[in-house]
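Q: Got a minute to go through this one with me? I'd like to start with the strands and then move on to the rings.

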Amino acid sequence: FGTMRSREFLMKDAYSFDLDREGAVDSYNRMFAAYLRTFSRMGLRAIPMRADTGPIGGNLSHEFIILADTGESEVFCHKDFLGFDIPTEDTNFDDVAGLKAIFDKWTSRYAATSEMHDEAAFAAVAEGDKLSARGIEVGHIFYFGTKYSEAMGAKVQGPDGKEHTVHMGSYGIGPTRLVPAIIEASHDENGIIWPDSVAPFNASVINMKAGDAACDAACETIYAALTKAGIDTLYDDTDDRAGTKFATADLIGVPVQVIAGPRSIAAGEVEIKDRKTGARETMSIEAAINKLTASK
């Protein structure tokens, strides 16, 4: 959670402008589905919750919340959200009815931030289906109609030849908030477990005896091969002890560790460790390189 309030704050902002409320709601539903997919691709399950529109105004607003013990606010929702299917890769974003169906499904259960919490409505949820937790906001979308366009006199000519006051929506994601959200959602007692899609490095090469000619040569060969294949690789050639190297690698949380020690290198082998599962596999240097580059 220490990375939540950093000295840098970045925001991805988008706006939609439509001729009428029907078109604006479709734009809202597009972003709603796109946000579900975006966060899922980052390894996150974001739950859209009814939210206060605040000074922006309007009567339609959802915050996308990641559940986390260290979340900054209390949230309330139905447990079904934990099992809802994320919109698929082949989602047709020109299908108005299909997008509405996604929106309807993901708003069919109770879900609200503390500002919008309705005790009576939540009490109607079956006791075993209630989920009260802490949450981290990673995205927020609004439909605020003609509140600003009327004030600015913003009109456009429609297909009917008439001028229309545009209906507006806004959509935000906080990229700098995503870092702590991902960490909170994907970690264990040893440190971070970066999802493959957002990991700062794809693999780490751990030289267990830096300065040993055979270890150095093998690690440099692996590092060069992975880098050439476009795999971002972190190379640990420090003089630290084995325990420290392992602890550091787990703390940083790179998805795959390639461990090279004098004994294994003498046998022409290295060990591959999956950070998430902890599974280890010993194989030849060539096989390790092939395994890691094959998925690129």
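A: Sure. One term before we start: two strands count as paired if DSSP finds at least two bridges between them. Also keep in mind that this is a predicted model.

Q: OK, so in what sense do strand 12 and strand 13 pair, and over how many bridges?
A: They run parallel, with 4 bridges between strand 13 and strand 12, the latter being residues 203-207. One spot to look at is S204, which stands opposite L234 in strand 13.

Q: What's around helix 6 there?
A: Helix 6, residues 213-228, packs on the sheet and touches strand 12, strand 13, strand 14 (256-260) and strand 15 (269-274). The direction of helix 6 makes about 170° with that of strand 12.

Q: And helix 9, what does that touch?
A: Helix 9 (residues 285-294) also packs on the sheet, with contacts to strand 14, strand 15 and strand 16. Its direction is at about 120° to that of strand 16.

Q: Back up a bit, what's the strand order in that sheet?
A: The order is 13-12-14-15-16, in an open sheet of 5 strands with mixed pairing. Strand 13 (233-236) and strand 16 (280-284) are the edges, each pairing on one side only. On average, neighbouring strands are turned by 20° against each other, direction ignored.

Q: Switching to rings. How many aromatic pairs turn up in the whole structure?
A: The search finds 13. One of them is Y28 with F103, which is edge-to-face, at 6.2 Å centre to centre and 80° between the planes.

Q: Where do those two sit in the chain?
A: Y28 is in helix 1 (residues 21-41) and F103 is in helix 2 (residues 96-106), so the definition of helices as DSSP runs puts them in separate elements. The pair links distant parts of the chain, 75 residues apart.

Q: Buried or exposed, Y28 and F103?
A: Both are buried. They also belong to one aromatic cluster with F32, Y35, F39 and F64.

Q: What about the rest of helix 1, which residues are buried?
A: Among them are A24, F32, A33, Y35, L36 and F39, and also polar ones such as D26 and R37.

Q: Why does the length of helix 1 look right?
A: Because at 1.5 Å a residue its 21 residues should span 30 Å, and the end C-alpha atoms are 30 Å apart. After helix 1 comes G43, with a positive phi near 85°.

Q: Last one: which charges sit over rings?
A: The charged end of K130 is over the ring of F122, 5.4 Å from its centre. R280 lies over the face of F246, at 5.8 Å from the ring centre.

Terms used: Residues numbered from 1 in each chain as written. Predicted model: local features only at pLDDT ≥ 70, side-chain atom pairs only at ≥ 80, totals over all residues. Heavy atoms only, no water. Phe/Tyr/Trp six-rings, centres within 6.5 Å; stacked < 30°, edge-to-face > 60°. Buried < 20%, exposed > 50% of the residue type's maximum accessible area, 1.4 Å probe, protein only. Lys NZ or Arg CZ within 6 Å of the ring centre and 35° of its normal. Expected span 1.5 Å × (residues − 1). Axes fitted to C-alpha atoms, helices over the stretch in contact; angles between N-to-C directions. Contact = heavy atoms within 4.5 Å.
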